[in-house]
Amino acid sequence: MKDVVALGELLIDFAPVSTNAAGYPTLAAQPGGAPGNFLAALQTYGCTTALIGKVGADRFGELLKATLAEKGIGTRGIVADPAVFTTLAFVTLDATGNRAFSFARKPGADTCLRSEEIDYKLLDDCKVFHFGTLSLTNDPAHSATQAAVSYAKKQGKRISFDPNLRKPLWPSETAAKEQIEWGLHQADVVKISDEEVGFLWGLSPEEGADYILKNFGVKLVFVTCGPNGCIFKNQNACGTAPSLEGIPVSDTTGAGDIFGGSALWKVLSLGKAPGDLSEAELREVTTFACTAAGLSTTRSGGISSVPSYDEVMVRMARA
């Protein structure tokens, strides 16, 4: 049995490493996609994981599947389709390492996953099912995602959700809001950013955490606030944990996903229902996740930037 199975995009991130005199960047290819980043953190810290998704039957698709296999992430649920290309994302970074994305995805392979291509046996044999919203932007992946979520819920699986909003991929902001709120209604554990809370309801992070718990049936929510740390809240407790300070940030790609995977690993390791965790336990969870995410920003990429458990513990001990 796998601890966590995720469904969604597996893609190549092209990040700039230099710029010529005319302003054109030299790009380096990195394995990425939010669900892959998320599972890489879980796998690094001791969970067993697998991904359901689609890549092209091309060299990039082969490389991505090989990278996941090297990390120990199960790949039998990944379909290679000769009719479409593996999705590409072009990342630009500002002076502080914050990133923006442009996607080659009209269509990309990740949007073409069909319901009948899902390996439902993976959902039978897992404890937690995780998804985001990039697989909800276009059919057939939209319908496939909803089918997988419905199936997992009927099997009594715990549901994890990260909106991972990318506005350029949606036909309208209204459509994005509708699908994010649909995802929130399905979830037990949610990781969401302060920017996404503001986009959805114009609320502060604290107000957003409270709103999600009261209106969507969510049991545990993390609202990440970039350099300002993270707010955690369940029915028993709420609080904050700080982000890492004094680190040389070079690339924030995947940091939110690595936070989410690290937090879920810590929650699972405690062996309690998310809604039953105490303030002390949630602070432990969130501090670990903030540290892992912070360390990941000191190196490039998403899947390849997850710090080891020992690195995280050393940094936490120093703090």
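## Residue classes

Ala, Val, Leu, Ile, Met, Phe, Trp, Tyr, Cys and Pro count here as nonpolar, Asp, Glu, Lys and Arg count as charged, and the others, Gly among them, count as polar. These classes are used below for the linings of a pocket and two cavities. The model is predicted.

## Overall build

The protein has ten helices and 13 strands. Its radius of gyration is 18 Å, close to the 20 Å that the globule rule gives for 319 residues, so the protein is as compact as a globular protein of that length. The C-alpha trace spans about 50 × 50 × 40 Å along the principal axes.

## The sheet

Nine strands make an open sheet. Their order is 5-4-1-8-9-10-11-12-13, and the pairing is mixed. Which strands stand at the edges? They are strand 5 (78-81) and strand 13 (238-241). Each has a single partner strand, so one side of each is left without a neighbour in the sheet. From one strand to the next, the twist averages 15°.

Strands of a sheet pair through backbone hydrogen bonds, either parallel or antiparallel. Strand 9 (158-162) and strand 10 (189-193) pair in the parallel sense, over two bridges. Within this pair, Phe161 stands opposite Val190 in strand 10.

## Helices on the sheet

Helix 2 (59-71) packs on the sheet and touches strand 4 (49-56) and strand 5. The direction of helix 2 makes about 175° with that of strand 4. Helix 4 (141-154) lies across strand 1 (2-7), strand 8 (126-132) and strand 9. Helix 4 runs at about 150° to strand 8.

## Backbone exceptions

Most residues other than glycine have a negative phi, and most peptide bonds are trans. Three places are worth a look against that background. A cis peptide bond joins Lys106 and Pro107, with omega about -5°. Pro107 sits in the loop between strand 7 (99-104) and helix 3 (120-124). Another cis peptide bond joins Asp139 and Pro140, where omega is about 10°. Pro140 is in the loop between strand 8 and helix 4.

What is the phi of Asn164? It is near 45°, a positive value in a residue other than glycine. Asn164 is placed in the loop between strand 9 and helix 5 (173-186).

## The largest cavity

The model holds three cavities of 30 Å³ or more. The largest cavity contains about 70 Å³ of space. Phe38, His130, Ser160, Phe161, Asp162, Val189, Val190, Lys191, Phe222, Gly260, Ala263 and Leu264 line it. Phe161 and Val190, the facing residues of strands 9 and 10, are thus part of this wall. Strand 9, strand 10 and helix 8 (255-270) each supply at least two lining residues. By class, seven lining residues are nonpolar, three polar and two charged.

## The second largest cavity

The second largest cavity has a volume of about 60 Å³. Its lining consists of Glu9, Ala34, Pro35, Phe38, His130, Phe131, Gly132, Thr133, Leu134, Asp162, Asn164 and Asp257. Helix 1 (34-44) and strand 8 are the elements that give two or more residues to this lining. The lining of the second largest cavity divides into five nonpolar, four polar and three charged residues.

Asn164, with its positive phi, is one of these lining residues. Phe38, His130 and Asp162 line both the largest and the second largest cavity.

## The second largest pocket

The second largest pocket has a volume of about 160 Å³. Pro242, Ser243, Leu244, Glu245, Thr287, Cys290, Thr291, Arg315, Met316 and Ala319 line this pocket. Helix 9 (279-296) and helix 10 (309-318) each supply at least two of these residues. Which helix gives the most to the lining? Helix 9 does, with three residues.

By class, this pocket lining has five nonpolar, three polar and two charged residues. The charged ones are Glu245 and Arg315.

Definitions and conventions:
Residues numbered from 1 in each chain as written. Predicted model: local features only at pLDDT ≥ 70, side-chain atom pairs only at ≥ 80, totals over all residues. Heavy atoms only, no water. 1 Å grid on protein atoms, 1.4 Å probe; cavity = no way out; pocket = protein on both sides within 12 Å on 5 of 7 lines; lining within 4 Å. Points joined across faces, edges and corners; volume = space filled by probe spheres on them. Helix = DSSP H or I, 4+ residues; strand = E, 2+ residues; numbered from the N terminus. Pairing = 2+ DSSP bridges. Axes fitted to C-alpha atoms, helices over the stretch in contact; angles between N-to-C directions. Contact = heavy atoms within 4.5 Å. Rg over C-alpha atoms; globule rule 2.2 N^0.38 Å.
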